[in-house]
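Me: I should like to study this structure through a series of questions. Please show the sequence and the model before we begin.

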Amino acid sequence: MGKNITEEIEKLKKERNAIILAHYYQPDEIQEIADYVGDSYYLSEIARDSVENIIVFCGVKFMGESAKILSPNKTILMPSLDSGCAMADMINEGEIIEFKNKYKDAYTVCYINSSATVKAHCDVSVTSSSALDILNSIENKQILFLPDRNLGEYIAENFKEKEFILWDGCCKYHNNIKINEIYELKEKYPNSKILVHPECQKQIRDIADYIGSTAGIINYATNNDYKDYIIATEEGILYELKKKNPDKNFYIPGGSISCVDMKKTTLNNLYDTLLNMKNEVILDESVSKNALKCLENMHSLAK
Ligand code: SF4
């Protein structure tokens with residue numbers, strides 16, 4: 001489109017009384033135009049509490065699904081409805097049922113990066129920013145955690161008195177970060193701080209100065225006076241980091257970590273979605289009802 005597409009999107013957004021939500025891993029121009037940018041936990045709260053009835057969710061499928069579960073009467077649109085999360089797809093309904101059958105007395109905790117169908121079989125969902133608070137409120141000794149073994153392992157390290165049985169899934173982008181790539185950056189920038197997402201492997205977490213969610217990483221860099229930071233997570237986070245900290249330096253191990261699915265949102269498909277009111281997230285009612293308990297427990301236990 002020849003005319004300024006961002007102006008057209010703004011205009012359509014007002015006409016439709018819609019809001020745009022974007023995850024920190026979305027492309028820069030999408031974060032720029034969004035009304036709210038944040039991590040999964042923050043965005044799930046905004047989706048639940050917004051007064052607008054149309055939410056355009058720029059992220060991956062499980063995020064749009066979570067918004068729909070929390071707000072069944074709102075219209076949730078996704079510019080790239082086919083953006084999956086490879087980690088969320090590492091467990092399906094049959095597998096969660098079988099997993100639970102093996103450990104009948106366990107409490108089942110799923111990372112928010114899981115499908116609505118899987119959430120419908122779980123007791124509570126967690127995000128990387130809320131996981132430790134939520135686990136603190138759970139009395140059960142035996143915990144099934146899925147699908148991310150790295151986040152599960154990190155949580156388990158903080159709750160030694162509990163027995164964690166972990167599903168063997170991971171995010172290929174975080175799991176593939178190499179320790180040598182971090183050492184190389186550390187050698188170049190010896191005063192840098194290493195900020196790590198808990199989806200990374202243990203050997204990476206073990207050399208971190210800080211471990212936390214995307215929002216946690218942004219807060220750490222913003223609230224500290226150090227100049228250089230090594231950022232072990234998806235590079236979309238750099239947009240907000242640089243915006244909040246124009247005088248600081250941020251380095252991604254290996255030069256680039258880019259989630260293909262997160263980058264499927266474009267200004268063009270965002271515009272097209274709003275113009276044609278297409279790509280609506282539709283969920284089976286009973287799945288949605290059961291998955292709601294899991295997300296409501298997340299919000300109440302995280303307090
Ligand atoms: S970065 Fe990893 S966990 Fe996040 S959406 Fe992409 S594949 Fe899923």
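**Strands, helices and core**

Me: Is strand β7 largely enclosed or left open by the rest of the structure, and why?
Reply: Strand β7 covers residues 142-146, where helices (H or I, at least four residues) and strands (E, at least two) are DSSP runs, numbered from the N terminus. A residue is buried if 20 or more other C-beta atoms lie within 10 Å of its own, exposed if 12 or fewer, and partly exposed in between, with C-beta atoms placed from the backbone. Four of the five residues of β7 are buried, so the strand is largely enclosed.

Me: How far may these statements be relied upon, and how are residues numbered?
Reply: The model is predicted, so local features need pLDDT of at least 70 and side-chain atom pairs count only at pLDDT 80 or more, whereas totals for chains, interfaces and linings use all residues. Numbering follows each chain as its sequence is written, starting from 1.

Me: In which order do the strands of the open sheet that contains β7 lie?
Reply: Two strands pair if DSSP finds at least two bridges between them. β5 (residues 107-111) is joined to β7 by four parallel bridges, and β7 pairs with β8 (residues 163-166) over four bridges, also in the parallel sense. Three bridges join β5 to β6 in parallel. The open sheet of four strands therefore has the order β6-β5-β7-β8.

Me: Which are the edge strands of this sheet?
Reply: The pairing in the sheet β6-β5-β7-β8 is parallel. An edge strand here pairs on one side only, and the two are β6 (124-126) and β8.

Me: Which residue of β8 stands opposite Phe145?
Reply: On the side of β5, Tyr107 stands opposite Ile143 in β7. On the side of β8, the residue opposite Phe145 is Leu166.

Me: At about what angle does helix α8 run to β8?
Reply: Helix α8 (residues 149-158) lies across β5, β7 and β8, where contact requires C-beta atoms, placed from the backbone, within 7 Å. Axes are lines fitted to C-alpha atoms, for helices over the stretch in contact, and angles run from 0 to 180 degrees between N-to-C directions. The angle to β8 is about 175°.

Me: Which strands stand at the edges of the other open sheet, β10-β9-β11-β12?
Reply: Four strands form this sheet, with parallel pairing. Three bridges join β11 (residues 228-232) to β12, and the bridge partner of Ile230 in β12 is Tyr251. Each edge strand has a single partner, so one side is left without a neighbour in the sheet; these strands are β10 (210-211) and β12 (249-251).

Me: Is Ile204 buried or exposed?
Reply: Ile204 lies in helix α11 (residues 202-205). Leaving aside neighbours within four places in sequence, Ile204 is in contact with Ile177, Ile179, Ile182, Val196 and Ala232. Because 24 other C-beta atoms lie within 10 Å, Ile204 is buried.

Me: Which helix gives the most to the largest nonpolar core?
Reply: A nonpolar core is a set of buried Ala, Val, Leu, Ile, Met, Phe, Trp, Tyr and Cys residues joined through C-beta atoms within 7 Å. The largest has 87 residues, and those with the most contacts inside it include Val56 and Ile230. With five residues, the helix that gives the most is α4 (residues 61-70).

Methods: Two residues are in contact if their C-beta atoms, placed from the backbone, lie within 7 Å.
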